[in-house]
Structure formats: structure tokens, C-alpha cells
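User: I would like a close look at a single part of this protein, set against the chain as a whole. Please keep it plain.

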Amino acid sequence: NKGCSFSLALAGGFASADFEQQVHLFLEERRLRDQVTICGIVEAEDKLRLFAESDIFCFPSYYAAENFPLVLLEAMSFGLPIVATAWRGIPEAVDDRNGFLVPIRNPQAVAEKLAVLIQDPDARTRLGQNGRARYLAEFTIAAFRSRMEEAVGSEISG
């Protein structure tokens, strides 16, 4: 409805066969079959390839057991701007420097933020670069080790 040209790769499993059927029907009714690829569960090299081929990462989760999704760090490692929900631990990874947070169960807000990123390549690049820089500074194994050594060292000397 926003008039944006896009292609969408949906990765992950469906919560139920009924929901999967609803998604297929939704795509058919709205003539979106050519723009949307349902990838299913994606792992290993296929997952890395999908990240590398993407321009934006969208994660509109409100899953009850969600905490701090590693998939957001993976997206940041690939320099992808993120649109995600302000749910549980997600705001610890996503903020206005590397993407957009939207309310849960608000597809209109998700669509609006995706449209911003689709239509503004400079914003995509800036947010993606910021996310990549934050990933490198805070979330690599080396950064983790450094923080652990600092924490353990302060415990030993304190």
C-alpha cells in the first residue's frame, strides 16, 4: 500500500500449519507471491548467504520466551539496518542508531519504518554501518573476552 518496490525473504519456521496456510492465502489474495520467498528454517551457509544478500533485517517478534535474540547481532554483523519490536531484550540491541523499534502487534508501524528504509538508501547505509560498528565494539568474541578479563580482574584485585 505504500507504493514501495520490494522483495521479502521470510526465514524461520511457522508456529503451526494453520498459520502457514494463512500466510500463503494472504500472499495469494494480495498478489504478493512474486515478491515474497518463504525460506523456512535457514542454517549454516544458507543463513550467511541470506544475510549477505539482504538490505534490511526485520524482526517483529513478541514471542513470549524472547529475550535477547542473537539473530539481531548476526544482522548487525552484516551491517543491516534493523526494524524490530520494542519487546523484552530487543531494545538492548536495537536503537535509533542502528534501526527502528516499533510497538508489538503493530504491522502499520513496521510497514512505515520499512518504507523509510526502502526509500532512503542513505539511512539504510548509515544505520547499517552504525550497527556493524556496535557489533564489532561490543559483541565479538574478542570484546566479550576483554570485558570478562576486566570483570574477573577487578574481582581479583578488589
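Is phenylalanine 6 buried, partly exposed or exposed, and why does it count that way?

Analyst: The model is a predicted one. Phenylalanine 6 counts as partly exposed because its relative accessible area is 34%, and the class runs from the 20% limit for buried to the 50% limit for exposed. In the chain, phenylalanine 6 belongs to the segment that comes before β1, the strand covering 8-11.

Phe6 is also part of a surface patch. Together with Leu8 and Leu10, Phe6 makes up a nonpolar patch whose accessible area totals about 220 Å². The 34% of phenylalanine 6 is over the 30% relative accessible area that a patch member needs.

As for the setting, the protein contains five strands and six helices. Their order from the N terminus is β-α-β-α-β-α-β-β-α-α-α. Along the principal axes, the C-alpha atoms occupy a box of roughly 65 × 35 × 30 Å.

The protein has 158 residues, and 30% of them count as buried; phenylalanine 6, being partly exposed, is not in that class. The accessible surface of the whole protein is about 10500 Å², with 52% of it on carbon and sulfur atoms.

Two further totals describe the chain. Of the contacts between residues at least 6 apart in sequence, 57% link residues at least 24 apart. The protein carries 16 positive and 22 negative charges, and the mean positions of these two sets lie 4 Å apart.

Terms used: Residues numbered from 1 in each chain as written. Predicted model: local features only at pLDDT ≥ 70, side-chain atom pairs only at ≥ 80, totals over all residues. Heavy atoms only, no water. Helix = DSSP H or I, 4+ residues; strand = E, 2+ residues; numbered from the N terminus. Buried < 20%, exposed > 50% of the residue type's maximum accessible area, 1.4 Å probe, protein only. Contact = heavy atoms within 4.5 Å. Areas by Shrake-Rupley, 256 points an atom, 1.4 Å probe, with all protein chains shown as cover. Lys, Arg positive; Asp, Glu negative; His and termini not counted. Charge placed at Lys NZ, Arg CZ, Asp CG, Glu CD. Patch = residues over 30% accessible without salt bridge, like charges linked within 9 Å, V, L, I, M, F, W, Y side chains within 5 Å. Salt bridge = Lys/Arg side-chain N within 4 Å of Asp/Glu carboxyl O.
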